[in-house]
Amino acid sequence: MSIEVHHIQKRFGSFTALNDVSLNFPAGELTALLGPSGCGKTTLLRIIAGLESPDSGQVLLDGEDASARHVRERQVGFVFQHYALFKHMTVFENIAFGLRVKPRAQRPSEAAIREKVKSLLELVQLDWLADRYPPQLSGGQRQRIALARALAVEPRVLLLDEPFGALDAKVRKELRRWLRRLHDELHVTSIFVTHDQEEALEVADQVVLMNKGQVEQIGTPEAVYNHPASPFVYGFLGNVNLFHGRLHEGVLDAAGARFEAPGHDDTRDASGVGYVRPHDLDVERYAPGAQGIVVQLRRAHAIGPLAQLELERDDNAELIEAVIPNERFAQLGLKNGDTLVVRPRRLQVFAQQEGGTAR
Ligand code: ATP
């Protein structure tokens, strides 16, 4: 089932939680809603589910206005951060619950319920836990059971609100791979709320970046990571170096160097900021006449395949972070205090508006 939201507006008192949000969630895809705490992700999810109503705007399920449809009719499955399993019921009964409470006419037979629960337990690879009670499970197992329970009623949409938020880093990583495999098997249209950028980039078909109740960017993980549409997205999706300077006729003058700034051809002088990822910086030993930003190596962490360098400019500006292959680091034979020159292989410039925000 495809989901569309059109011009959704939601206020709580005088606070605007969602401001004119319009989005498309294609059928069968897994979309991540990503953004900092309080940006409106959960509110949007609850509006799609029908648990909350928007002040204005529309939710379309398979092209049909959903406002008239009650939560039950929307055929939505939920998984929340805090597993809401029934403690006094076995795992088996927890999964069977949604089927047992169906109206008599729609309720499957006991044999069909047993078959369904068994196949769901196999799907989440926990068939050996059928007779246990929730307190006897690990956090990761409970979330997989919560997912099996949500899937039991064959939802047409699956909404996951930080489902792995309460788990430790290693289990989180395992479960997100597992969720991706499960999604590839079932292809239920799914929306996954997270504030963890790595999780969103690894799991989703498309990522929606939200900030302060608005959508900043939407695209595939590759597109949003490699071509951030705004300074916010740059900063939110991984580490980035900022070079503040003057922008004039397609050139940014910053950090004692000149960088091309295509698209910023204004002849008037303006403030501009160059954004460069640490792994998009080339590092060389300084030689007189070298082009680039002159820095000193303050500290290096060279563990594993990559060396992370902290570099300092003469004018005491913010430290620059560069990441280069460890082999290259060894080849350069660097030590703290050495003078180097760095050159961005890729840099994106945003003009800075009066008042401070870069665009
Ligand atoms: P988190 O990652 O912390 O869960 P979120 O992006 O999911 O954040 P929401 O839960 O959607 O954020 O909340 C968005 C904003 O709306 C927050 O500032 C929150 O305090 C506010 N808010 C949410 N629900 C209500 C409510 N029922 N009454 C008042 N304010 C609310």
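# Reading a domain interface and a ligand site

User: How many salt bridges does the rule find across the interface of domain 1 and domain 2?

Analyst: Zero salt bridges are found across the interface of domain 1 and domain 2. The model is predicted. By class, the side of domain 1 that touches domain 2 holds two nonpolar residues, two polar residues and no charged ones. With no charged residues on that side, the rule has nothing there to pair, because a salt bridge needs Lys or Arg on one part and Asp or Glu on the other.

User: What is the count of residue pairs in polar contact between domain 1 and domain 2?

Analyst: Between domain 1 and domain 2 there are two residue pairs in polar contact, with both residues at pLDDT 80 or more.

User: Where do the two domains lie in the sequence, and how many residues does each put into the contact?

Analyst: Domain 1 covers 3-228 and domain 2 covers 241-351. Four residues of domain 1 and five residues of domain 2 take part in the contact. Taken over C-alpha atoms, the centres of domain 1 and domain 2 are 41 Å apart.

User: What area do domain 1 and domain 2 bury between them?

Analyst: Interface size is often given as the accessible area lost when the parts come together. Here domain 1 and domain 2 bury about 370 Å² between them, and 32% of this is on carbon and sulfur atoms. On the domain 1 side, Tyr225, Asn226 and Pro228 supply 93% of the area buried against domain 2, more than any other three residues.

User: Now the ligand. Which residues surround the ligand?

Analyst: The residues around the ligand include Phe12, Phe15, Ala17, Pro36, Lys41 and Glu162. Also among them are Ser37, Gly38, Cys39, Gly40, Thr42 and Thr43.

User: Which atoms of Gly40, Lys41 and Thr42 lie by an oxygen atom of the ligand?

Analyst: For Gly40, a backbone N or O atom is 3.0 Å from a ligand oxygen atom. For Lys41, a side-chain N or O atom is 2.9 Å from a ligand oxygen atom. For Thr42, a polar side-chain atom is 2.7 Å from a ligand oxygen atom.

User: What share of the ligand does the protein bury?

Analyst: The ligand exposes 640 Å² when taken alone, and the protein buries 57% of that.

Notes: Residues are numbered from 1 along each chain as its sequence is written. This is a predicted model: local features need pLDDT of at least 70, side-chain atom pairs count only at pLDDT 80 or more; totals for chains, interfaces and linings use all residues. Side-chain values use heavy atoms; hydrogens and water are left out. Domain bounds come from an automatic or database domain assignment. Contact means heavy atoms within 4.5 Å. Buried area is the accessible area (1.4 Å probe) that two parts lose on being put together, summed over both. A salt bridge is a side-chain nitrogen of Lys or Arg within 4 Å of a carboxyl oxygen of Asp or Glu. A polar contact is a pair of N or O atoms within 3.5 Å; within protein, one must be able to donate a hydrogen and the other to accept it, and residues adjacent in sequence count only if both atoms are side-chain atoms. Ala, Val, Leu, Ile, Met, Phe, Trp, Tyr, Cys and Pro count as nonpolar, Asp, Glu, Lys and Arg as charged, and the others, Gly among them, as polar. A residue is near a molecule or strand if one of its heavy atoms lies within 4 Å of it. Accessible areas come from the Shrake-Rupley method with a 1.4 Å probe; for residues, only the protein chains shown count as cover.
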